[in-house]
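Student: I've got a structure open and I'd like to work through it with you. Could we go step by step?

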Amino acid sequence: MTRTVARLIMTVATLSLGAHRSAWGQAMLVELEAAEADDRALGFAFGCLIGAWRTMPEHAEGRFVLTSYALSLGLIIPIAAVLVLAGAFGFPFVDAGGGMFGFLSGSGTQVLLLNAGTEALGPALTLVMLLLAACHLPLAWWVLDRDWDRVVIALCFAAASITTLAIVTSCAALDPKQMLLPASALALETIAMSILARWHARLFGGDLLEKLGPRH
Amino acid sequence: MLILMEALAARAPGWCHGYDLMKATGLLSGTLYPLLMRMTDQGLVDAQWQAPVSAGRPARHAYRLTAAGLRLAVTGRDAGRASSGVAFPA
């Protein structure tokens, strides 16, 4: 069991070192056998992992990986969480007095902005909000996986969701300006993805640059 | 880094393996390997794959100080002795 965990950790360490340090990853992997003979495999592997992570900011591929994780965990996942809360909050068809705290504590007041003729739209609007939030989870994974084709699909889906919400809220006589905030978040994500994808293309090859357009 | 250089200098011009260096210096793998990588990049350490000593064993990565690394190790050792105020015989 320890041997398997140590080898697993070593695999992550080797991958974290990137292509230009792959020989060092192999060197560490071979030394793991010596550590195993001394019953220090786990400590050795864990140290190698920490060492590999410490070297990541020193090379371009490592900086790219760290930035990808920062973008996924620091931007995309928090936006998904906010969208889920907003959907549960009744956005965009419930006017909430007392704000988020009032909603969570049950002390706030919620006023339904839909009238008798449009209140049937409520569940559908919530569903679209939750779909918008849900599409951010695979989006975060595909960014880490550098699968830019699927990233584009997820962003298109998010854009379609926001457009749908804007049209339906307008038809329901709600204020469509409410959609400016999620639209701005999506624009921010799109810009960040575009920069990351171009960076990835510069690091690993030019095919992607052709797909992204002439300006790079 | 000085500990590592001293350990490598003590074995110069011979080659050392990573795990043996860990045991000799007391450094953890998370400290040793980034140091070796940096020193190799700076031209202070040579690294090479060595053929296995017995059949069925994998090749191992071995390290030794370059001439520049050896000079720096000697300079560092002398500076350490001078700063500690210990007198050494000529």
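Tutor: Sure. One definition before we start: helices here are DSSP runs of H or I with at least four residues, numbered from the N terminus. Bear in mind that this is a predicted model.

Student: Okay, so in which helix is S161(A) found?

Tutor: Use that numbering and look at the run that covers residues 148-171 of chain A. S161(A) falls in that run, so by the DSSP definition its helix is α8.

Student: Is S161(A) buried or exposed?

Tutor: The relative accessible area of S161(A) is 6%. Leaving aside neighbours within four places in sequence, S161(A) is in contact with V128(A) and L132(A). The cut-off for burial is under 20% relative accessible area, so with its 6% S161(A) is buried.

Student: Now the helix packing. How are α4(A) and α6(A) oriented to each other?

Tutor: Two packed helices are described by the angle between their axes and the distance between the axes. Here α4 (residues 60-89) and α6 (residues 121-134) of chain A have axes that come within 8 Å and cross at roughly 170°. Angles over 145 degrees count as roughly antiparallel, so α4(A) and α6(A) are roughly antiparallel.

Student: And how many charged residues are in the contact of α4(A) with α6(A)?

Tutor: On the α4(A) side, the contact is made by A80(A), L83(A), V84(A), A86(A) and G87(A). On the α6(A) side you'll find T126(A), M129(A), L130(A), L132(A) and A133(A). By class, that contact has 8 nonpolar and 2 polar residues, and the charged ones come to no residues.

Student: A86(A) is in that list. Which residues does A86(A) touch, not counting those up to four places away in sequence?

Tutor: A86(A) is found in helix α4 of chain A, and at 16% relative accessibility A86(A) counts as buried. The C-alpha atoms of A86(A) and A133(A) are separated by 9.5 Å, although these residues are 47 apart along the chain. With residues up to four places away left out, A86(A) touches F91(A) and M129(A).

Student: α7(A) packs on α4(A) too. How are α4(A) and α7(A) oriented?

Tutor: Their axes are 9 Å apart, and the packing angle is about 175°. With over 145 degrees as the cut-off, α4(A) and α7(A) are therefore roughly antiparallel.

Student: Into which classes do the residues of the contact of α4(A) with α7(A) divide?

Tutor: From α4(A), the residues include Y69(A), L71(A), I76(A) and L83(A). From α7(A), they include H136(A), L139(A) and V143(A). The whole contact divides into 12 nonpolar, 3 polar and no charged.

Student: Let's turn to the largest pocket. Which helix gives the most to its lining?

Tutor: About 450 Å³ of space lies in the largest pocket. Of the 17 residues that line it, the closest to its centre are S16(A), V65(A), Y69(A), L144(A) and R146(A). Helices α1 (2-17), α4 and α7 of chain A each supply at least two lining residues. With 6 residues, the helix that gives the most is α4(A).

Student: How many residues of that lining are charged?

Tutor: Split the lining by class. There are 9 nonpolar and 5 polar residues, and the charged ones number 3.

Student: R146(A) is among the residues closest to the pocket centre. What is its phi near?

Tutor: R146(A) sits in the loop between α7 (136-144) and α8 of chain A. R146(A) is partly exposed, with a relative accessible area of 25%. Most residues other than glycine have a negative phi. For R146(A), phi is positive, near 60°.

Student: D39(A) also has a positive phi. Is D39(A) buried or exposed?

Tutor: Find D39(A) in the loop between α2 (22-37) and α3 (41-55) of chain A. Its phi is near 60°. The cut-off is over 50%, so at a relative accessible area of 72% D39(A) is exposed.

Student: Last stop, chain B. Which residues does the cis peptide bond join?

Tutor: Chain B has 4 helices and 3 strands, running α-β-α-α-β-β-α from the N terminus on. Look in the loop between α1 (2-11) and β1 (16-17) of chain B, where P13(B) is found. Most peptide bonds are trans. Here omega is about 0°, and the cis bond joins A12(B) and P13(B).

Notes. Residues are numbered from 1 along each chain as its sequence is written. Chains are lettered from A and ligands numbered from 1 in the order in which they are written. This is a predicted model: local features need pLDDT of at least 70, side-chain atom pairs count only at pLDDT 80 or more; totals for chains, interfaces and linings use all residues. Side-chain values use heavy atoms; hydrogens and water are left out. Axes are lines fitted to C-alpha atoms, for helices over the stretch in contact, and angles run from 0 to 180 degrees between N-to-C directions. Angles under 35 degrees count as roughly parallel, over 145 as roughly antiparallel, 65 to 115 as roughly perpendicular and the rest as oblique. Contact means heavy atoms within 4.5 Å. Ala, Val, Leu, Ile, Met, Phe, Trp, Tyr, Cys and Pro count as nonpolar, Asp, Glu, Lys and Arg as charged, and the others, Gly among them, as polar. Buried means under 20% relative accessible area, exposed over 50%, partly exposed in between (1.4 Å probe, protein chains only). On a 1 Å grid over the protein atoms alone, a cavity is a set of points where a 1.4 Å probe fits but cannot get out, and a pocket is an open set with protein on both sides within 12 Å along at least five of seven lines; lining residues have an atom within 4 Å of a point. Grid points are joined across faces, edges and corners, and a volume is the space filled by probe spheres set on the points.
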